[in-house]
Amino acid sequence: MKNLKSYISEVNNFPKEGIVFKDINPIYGEPKIWKQIMEPLRNLIITLKPDYLAGIESRGFISASALAFKNDIGFIPIRKANKLPGKVLSINYKLEYGEDRLEIQEDHIKNDSKIIVIDDLLATGGTAEAAGNLLKKAGANLIGYGFLVELTALKGRKRLDNELVIESVVKY
Ligand code: AMP
């Protein structure tokens, strides 16, 4: 088992001053390592049997769509504001500075369908919390969260519904 952290680089002050950005792109270039980091999320899918995986734009799309395709599950893109056509449901959420908005297409979610939210990284939890609330607003049955990386010091999982399964593969 290779040390996954050796494939995650740290970039200081990106995208803004004071942030240590975890760059997981080197993992995607190494199929065996990518498989290794995806395996626990695959197990989560096998256990929870979701109808859909919902990926958060944009880095969440990479692993969510790959896992959905590989496991014959539907994929739902959760997008940033004003990217989706047709009827959309939206939710505003607070960032460190200012606000942002996530959206989904209203008609794509069947009532009570079981959904796991997937993102590359859990930091403060604001994004994942908003994504989960948005899916619930759409009538979905949110059953869990999966992340490749978790920054545990930021206590993001405390903001998420603690009755749900929350899986993160690499913890800092
Ligand atoms: P948060 O809402 O604080 O949990 O932030 C999570 C979102 O921001 C994820 O979609 C990540 O892609 C991104 N993000 C936040 N902090 C970092 C970081 N230190 N390195 C890489 N991505 C980050």
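This passage describes helix α4, the nonpolar cores and the ligand surroundings in a predicted model.

Helix α4 is a convenient place to begin. It covers residues 126–137, and because twelve residues at 1.5 Å each should span 16 Å, the 16 Å between its end C-alpha atoms agrees with expectation. Gly 126, Ala 128, Ala 130, Ala 131, Gly 132, Leu 134 and Leu 135 are the buried residues of this helix. They pack against β3 (52–56), β4 (74–80), β5 (88–94), β6 (99–105), β7 (114–122) and β8 (141–150). Just after α4, Gly 139 adopts a positive phi of about 95°.

The helix reappears in the nonpolar interior. The largest nonpolar core has 27 residues, of which Ile 78, Leu 102, Ile 104, Ile 109, Ile 115, Leu 135 and Tyr 145 touch the most other members. Two or more residues each come from β3, β4, β5, β6, β7, α4 and β8, with α4 giving the largest share, five residues. Leaving aside residues up to four places away in sequence, the contacts of Tyr 145 include Ala 128 and Gly 132, along with Ile 116, Val 117 and Leu 160. A second, separate core holds 25 residues, among them Leu 4, Ile 37, Leu 41 and Ile 73.

Turning to the ligand, 13 residues surround it, and Asp 119, Asp 120, Thr 124, Gly 125 and Thr 127 come nearest. Ligand oxygen atoms take part in several polar pairs: one lies 2.5 Å from an N or O atom in the Thr 127 side chain, one 2.8 Å from a polar side-chain atom of Arg 59, and one 2.9 Å from a polar backbone atom of Ala 123. On its own the ligand has 480 Å² of accessible area, and the protein covers 82% of this.

Note on methods:
Residues are numbered from 1 along each chain as its sequence is written. This is a predicted model: local features need pLDDT of at least 70, side-chain atom pairs count only at pLDDT 80 or more; totals for chains, interfaces and linings use all residues. Side-chain values use heavy atoms; hydrogens and water are left out. Helices (H or I, at least four residues) and strands (E, at least two) are DSSP runs, numbered from the N terminus. The expected span of a helix is 1.5 Å times one less than its number of residues. Buried means under 20% relative accessible area, exposed over 50%, partly exposed in between (1.4 Å probe, protein chains only). Contact means heavy atoms within 4.5 Å. A nonpolar core is a set of buried Ala, Val, Leu, Ile, Met, Phe, Trp, Tyr and Cys residues joined through side-chain atoms within 4.5 Å. A residue is near a molecule or strand if one of its heavy atoms lies within 4 Å of it. A polar contact is a pair of N or O atoms within 3.5 Å; within protein, one must be able to donate a hydrogen and the other to accept it, and residues adjacent in sequence count only if both atoms are side-chain atoms. Accessible areas come from the Shrake-Rupley method with a 1.4 Å probe; for residues, only the protein chains shown count as cover.
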